[in-house]
Amino acid sequence: MKFYTSYFGKLGALRQLGIVPICIARGIPKFYGGAVEQSVAPYSWMLKDSVSREQYIDAYLHKVLKNVDPNIFLLRCEEISGGRDVALLCYEKPTDFCHRHLLAKWLEDETGIEIKEFGVVGEPWNPKNPKVVQNGLFDGF
């Protein structure tokens, strides 16, 4: 079983490959209709323009994730997917800053399980890394 991160714009490709999407966003799009796991979603107040990136990161790591057991979260995803590959979804494109990248790093650090951005080579959310490359639909899978 593999874990990915992605965004709602890739929903069709994920489903075509049999990867089970799990929404981890605070707001759920009406068109989505899939599994939701909001225990790792940012708090609503964190999404306001008045919150700096540093404040957001600190709050996400030390308030949101403080209440999450990484192993139980991954087991829950496995249960939801029936053991199939999973993509943790929210709204931002791969090159945009997003909590899903913080979550992926945290899960990797806590469990050793590698979590990559679906269809992207490199660090997608690092603005200093211009080497973001979108793979073809079946490349690397």
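In this predicted model, Glu117 has a relative accessibility of 7% and therefore counts as buried, the cut-off for that class being under 20%. Glu117 forms a salt bridge with Arg100, in which the closest N and O atoms are 2.9 Å apart; the pair links distant parts of the chain, since Glu117 lies in strand 5 and Arg100 in helix 4, 17 residues away. Arg100, at 0% relative accessibility, is buried as well.

Helix 4, to which Arg100 belongs, covers residues 99-111 and reaches 18 Å from its first C-alpha to its last, close to the 18 Å expected at 1.5 Å a residue. Its buried residues include His99, His101, Leu102 and Trp106, and among the elements that cover the buried residues of this helix are strand 1 (3-7), helix 2 (53-64) and strand 5 (115-117). Just after helix 4, Gly112 takes a positive phi of about 80°.

Helix 4 also holds a salt bridge between Lys105 and Asp109, again with the closest N and O atoms 2.9 Å apart; because these residues are 4 positions apart in the helix, about one helical turn separates them. Here Lys105 is partly exposed at 47% relative accessibility, while Asp109 is exposed at 52%. The side chains of Glu114 and Lys116 meet in a further salt bridge, at 3.4 Å from N to O, with Glu114 exposed and Lys116 partly exposed. Elsewhere, Glu37, Arg76 and Glu79 are linked in a network of salt bridges.

Turning to the pockets, the second largest has about 310 Å³ of space, and of the 17 residues that line it, the closest to its centre are Met46, Leu47, Tyr56, Glu92 and Phe97. By class, this lining comprises 10 nonpolar, 2 polar and 5 charged residues.

Conventions
Residues numbered from 1 in each chain as written. Predicted model: local features only at pLDDT ≥ 70, side-chain atom pairs only at ≥ 80, totals over all residues. Heavy atoms only, no water. 1 Å grid on protein atoms, 1.4 Å probe; cavity = no way out; pocket = protein on both sides within 12 Å on 5 of 7 lines; lining within 4 Å. Points joined across faces, edges and corners; volume = space filled by probe spheres on them. Nonpolar A, V, L, I, M, F, W, Y, C, P; charged D, E, K, R; others polar. Helix = DSSP H or I, 4+ residues; strand = E, 2+ residues; numbered from the N terminus. Expected span 1.5 Å × (residues − 1). Buried < 20%, exposed > 50% of the residue type's maximum accessible area, 1.4 Å probe, protein only. Contact = heavy atoms within 4.5 Å. Salt bridge = Lys/Arg side-chain N within 4 Å of Asp/Glu carboxyl O.
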